[in-house]
Amino acid sequence: MHNRILVRKIGVTDATLTAAVKNQWAPHESVVVTECNHLESTPSHYKDRIESIAQGFELLVRSLPDGKKKKNQLSPELREKLCQHSGKLKKDYIDQINASGKEEDIAAHQKTLKTFTSHLILLLQKNAGLNKKQAIKFLNKAESYAGIQVPRPVLMTVSQMNLNGETYTVVQQETALPPLSKDLKQDYFKIRNNAEDMPDWFRSLDIREQAMLRYVLEKGISKEIVRELNRATENLEALKLAHLSIETIKNEPINPKNEDKKSNGHSTPLENLKKNADAVFKNAKEKRDDAEKAFEIALSNVVNSIPSKLRTLLGLPNFSKHQFQMYDSKGILVVQSERFRSAMIASRDVLGESEKVRDLHVQHNLEHMVNIGLSSMWDGFVARFEPPVQAPPLSLKEVARPGAQKAIEYPILVQTLITPIVGKQPDGSIYADKERTVGLFKSMAPCRIIAANGQHYYDVKHKYFSTNHPVNLGRFLSPTTYNGKNGKEGQGLIAFAKAFLGNKDYFPDNSENKQEEKRNLQNVVGAYESLLKKKVGLIERVIGLFALIRGKPASDRNRELALASYETMIIEMMHGVSQSSCVSGKDREAIKEIDVDAKFTFLKKYGKVPQDDDGPEERAKFVEIFAELYVTRHQQMYAGLNAPGSNGIKTPKLYLPKDICEAILAKAQVLGMDQTNNKKAKTQNTFWKDETLANNNEIKTLIIKPKKRKKLQKDFSNFTPGNADVSTVSDEANVLSGIDTKKMHDLLGTDFSSFSNTKKTDQVRSVENNSNVVNTNLEVNTAREMLVEKYDLPNLAQDSLETGLRDAVQKGDVEDVKQFLEHVKNINAQDQVSGSHKTALHWAVILKKNDIEGILRAKGARDDIPDAKGKTAANYKKKLESKEKLASEKRSEEEVQQSSSPTPGSRSP
């Protein structure tokens with residue numbers, strides 16, 4: 001059970017809440033009930049964001065491995081000073097937000113957040129041997145690693161909705177689910193135990209990310225827990241061999257005569273051994289199980305959840321269960337819905353890895369989702385079947401049943417909301433990874449599932465339906481067609497649902513409740529089939545696409561969104577497992593969750609499901625429900641659990657039809673949600689706020705851009721953090737470079753590259769003279785550093801520059817090769833890639849970069865160094881020349897033959 005629950009009460013009082021609603025949070029150990037209105041505290045979001053990024057900075061600094069160069073080595077003293085400095089910076093910038101005095105001044109808060117983040121990036125560049133691109137990348141990762149250790153609370157939003165004069169209490173709830181399966185936890189144990197047989201997916205991580213994961217695991221899981229599990233495992237393995245020997249002795253008959261002679265009325269040693277063998281082995285196994293359980297508990301406290309930004313980490317990100325309930329004025333539950341959501345089961349961050357590693361991500365995530373879903377939804381599904389047969393004494397939950405007859409087909413929907421247009425990344429690749437794995441799961445044999453009571457079993461065939469619906473502008477570029485791949489999956493779902501509807505065991509004619517349930521399912525299936533057959537006209541697509549390109553919502557009703565919602569409803573109404581995701585599981589997915597909840601509400605209230613061709617009056621009723629749910633900001637708050645402070649939905653206008661956008665904006669203005677002073681967003685402040693906050697989840701969006709440096713310099717020229725005296729702030733912050741906080745703000749509004757080409761101001765000269773702890777040379781864009789950034793090299797060490805040289809050769813960039821040669825000391829260095837070990841000259845010869853080959857040879861490159869296959873550059877050169885000679889001779893022969901052949905129309909002599 002989750003021990004924390006965050007309850008947001010919007011416009012409801014204890015007097016209006018039913019006992020049923022209150023009881024949902026009563027059993028929790030820690031409950032935070034917040035009375036709130038629709039207008040959230042914007043400053044609190046920015047303070048949360050600063051706090052989270054600061055935690056990531058500290059984790060990165062404390063976990064980064066030392067660089068090979070002395071100036072890149074992070075000593076314990078330097079690590080501590082950097083962490084202390086970031087803590088003081090955090091306080092300064094949070095004080096600035098508190099002192100702003102403007103609740104909704106998002107523009108000002110945004111600048112403060114950007115300046116704070118840019119300051120941290122600069123510190124990493126100057127002290128950790130990272131270029132700008134790397135500093136952004138690894139701070140982004142580090143913040144996520146810090147976040148996985150924080151338990152996500154159950155998020156519950158309780159509000160009221162008025163429909164046709166009747167007031168309903170609405171409950172929206174998100175419950176985080178464990179991201180790691182039991183089998184995967186063994187991989188994490190190997191990592192924490194520093195085992196020799198590390199998992200492939202861990203080996204594929206960058207060395208700095210490996211260090212961050214190890215740091216988190218070592219900090220959260222004590223050595224004693226690891227040692228105890230190792231001891232218990234080794235003891236159990238040793239006893240297994242002894243136990244096998246004892247089992248053999250147990251099966252041998254005892255000679256009564258010998259026993260009587262030796263026992264003298266007492267048990268013999270052999271008899272005692274036989275008697276105690278099972279007990280000893282059982283005890284060892286229990287100790288092993290207890291030690292493993294202790295490790296799993298510790299691990300679950302360290303890896304509570306995985307954010308969608310951390311897709312290199314194996315586990316199911318943003319995995320949770322969404323629940324929706326609606327109570328009438330008498331406290332009777334009239335609508336209840338639950339389903340699963342997560343980030344995309346295929347990982348966008350491992351696209352460059354082997355297919356084995358990519359498939360491992362998808363397979364674990366899909367299998368884990370199905371197992372969790374089955375445990376939650378299974379009982380409701382099997383209720384329609386006759387009492388099952390008595391189960392054999394099996395200890396496993398599932399065992400393979402090849403050739404099982406009459407297996408129950410259980411529906412599982414694996415739905416995505418992305419745009420896998422050819423050539424569009426990462427959507428195209430992750431969609432292919434998803435489809436490949438789902439295809440594998442579709443072909444699996446039936447399983448035997450043991451009921452929770454252990455007394456019954458079922459032979460089950462998982463029936464997978466894998467669909468995708470691009471709900472953004474992709475709906476106009478690549479809409480779902482009836483006979484296309486997704487359309488055929490939809491046809492299969494329709495056929496399955498109709499067979500389900502025909503099952504008289506589940507829908508007996510004499511049950512009124514079951515008949516209402518049947519009518520509702522028929523209603524949704526009919527609407528889905530009708531919409532699936534409907535084509536989207538070319539003119540409609542062009543008009544809709546043109547509107548979105550212009551930044552305005554399209555007038556269409558978003559057929560793709562409706563198809564996705566209908567599929568989810570159908571699976572849920574059949575008690576199957578429904579899992580849906582966009583890439584992150586929190587933006588497009590949030591819109592779909594609201595759409596499904598609104599459709600279930602409409603279905604209950606008006607007896608029909610909203611359809612694409614509804615008239616204005618019916619459409620207005622549905623739009624009102626959708627807008628009511630959107631402005632509760634429940635889904636936006638859920639997004640903030642992924643990256644604290646990022647409480648918004650990205651690009652909602654891309655997904656929402658024009659009439660829904662207008663209804664949300666109108667409702668937001670009435671509720672006082674639009675109070676920002678941003679002039680450019682007077683009529684769309686709610687969506688502007690949503691997108692601004694949502695985009696803050698990525699560090700790269702928070703870095704000051706050069707084109708804004710003059711404006712930022714002006715904004716912060718007179719800024720003193722916390723309204724304190726400048727000299728006091730400087731003394732307290734003790735910026736390692738000698739730059740006080742105010743000066744750093746000024747400098748952050750300046751293009752640092754300009755310092756190498758312009759006359760330095762007295763302020764900058766003073767800053768450089770005071771750099772007694774940290775290297776503060778602001779000439780960061782030297783030729784060498786530009787190369788390091790361009791080729792994404794880890795640092796300025798020789799081995800990194802040697803790698804860059806080989807990369808530049810393979811790229812064929814002559815100027816970059818020349819630049820690298822000015823800094824590389826060993827031009828003949830070999831790469832350390834298994835099966836390669838080639839020098840720069842090897843690559844120049846193999847890739848026929850003749851001009852670069854000449855430059856390398858002129859600089860002293862040797863052609864007698866063997867690679868991993870024992871071949872030198874001279875060997876490759878000789879082989880290529882031989883091939884070219886043969887090709888040349890062949891061309892000459894062909895030319896001779898052509899010249900000797902008679903031309904058409906001519907007479908032979």
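Where in the structure is Gln110? I looked there to start, keeping in mind that this is a predicted model. Gln110 sits in helix H4, which covers residues 106-127. Next I asked whether Gln110 is buried or exposed. Gln110 counts as buried because its relative accessibility is 13%, and the cut-off for buried is under 20%. I then listed what Gln110 touches, skipping neighbours within four places in sequence: Tyr46, Thr692, Asn696 and Leu702.

**Overall tally**

I stepped back to get my bearings. I counted 34 helices and 11 strands in the protein. Of the 909 residues, 50% are buried. I also checked contacts with a separation of 6 or more, and 76% of them are between residues 24 or more positions apart.

**Leu17 and its surroundings**

I went to Leu17, in the loop between strand E1 (4-10) and helix H1 (19-22). Leu17 has a relative accessible area of 8%, so I put it down as buried. Which residues does Leu17 touch, not counting those up to four places away in sequence? I found Lys9, Val12, Lys22, Trp25, Val158 and Thr169. I also noted Gly331: it is 314 residues from Leu17 along the chain, yet their C-alpha atoms are separated by 8.2 Å.

**Strand E5 and its partners**

Both Thr169 and Gly331 led me to strand E5. Thr169 has Tyr327 of E5 as its bridge partner. Gly331 is in the turn of the hairpin that E5 and E6 form, with 5 residues between the strands. The phi of Gly331 is positive, about 85°.

How many residues of E5 (residues 320-327) are buried? I got 8 of the 8, so the strand is largely enclosed by the rest of the structure. I sorted them by face. Ser320, His322, Phe324 and Met326 are buried on one side, and Lys321, Gln323, Gln325 and Tyr327 are buried on the other.

For pairing, I found strand E4 (residues 166-176) antiparallel to E5, with 8 bridges. Strand E6 (residues 333-341) also runs antiparallel to E5, and 8 bridges join them. In that second pairing, Gln325 is opposite Gln336 of E6.

**Helix H13**

I checked the length of helix H13 (residues 427-442). Its 16 residues should span 22 Å at 1.5 Å a residue, and the end C-alpha atoms are indeed 22 Å apart. Which residues of H13 are buried? My list reads Asp427, Ile430, Tyr431, Asp433, Lys434, Thr437, Val438 and Phe441. Looking down the axis of H13, I saw the buried residues fall within an arc of 160°, so they line one face of the helix. A reminder to myself: an α-helix has 3.6 residues a turn, so residues three or four places apart point the same way.

**Helix H30**

I gave helix H30 (residues 798-811) the length check too. It has 14 residues and reaches 20 Å from first C-alpha to last, close to the 20 Å expected at 1.5 Å a residue. Its buried residues are Ser800, Leu801, Glu802, Gly804, Leu805, Arg806, Ala808 and Val809. After H30 comes Gly812, with a positive phi near 85°.

**Aromatic rings**

How many aromatic pairs does the whole structure hold? My search turned up 12. I looked at two of them.

Tyr93 and Phe116 make an edge-to-face pair, with 5.4 Å from centre to centre and 65° between the planes. Tyr93 belongs to helix H3 (residues 76-99) and Phe116 to helix H4, so the pair ties together parts 23 residues apart in sequence. Tyr93 and Phe116 are both buried.

Phe602 and Phe622 are edge-to-face as well, at 6.4 Å centre to centre and 75° between the planes. Phe602 is in helix H19 (residues 588-606) and Phe622 in helix H20 (residues 616-630), so I logged a link between distant parts of the chain, 20 residues apart. Both Phe602 and Phe622 are buried. I followed the ring pairs further and found a cluster of Phe602, Tyr606, Phe622 and Phe626.

**Charges over rings**

Last, I looked for charged ends above rings. Lys599 lies over the face of Tyr566, 5.7 Å from the ring centre. Lys838 has its charged end over the ring of Trp843, 5.6 Å from the centre.

Notes:
Residues numbered from 1 in each chain as written. Predicted model: local features only at pLDDT ≥ 70, side-chain atom pairs only at ≥ 80, totals over all residues. Heavy atoms only, no water. Helix = DSSP H or I, 4+ residues; strand = E, 2+ residues; numbered from the N terminus. Buried < 20%, exposed > 50% of the residue type's maximum accessible area, 1.4 Å probe, protein only. Contact = heavy atoms within 4.5 Å. Expected span 1.5 Å × (residues − 1). Arc of directions from axis to C-beta. Phe/Tyr/Trp six-rings, centres within 6.5 Å; stacked < 30°, edge-to-face > 60°. Lys NZ or Arg CZ within 6 Å of the ring centre and 35° of its normal. Pairing = 2+ DSSP bridges.
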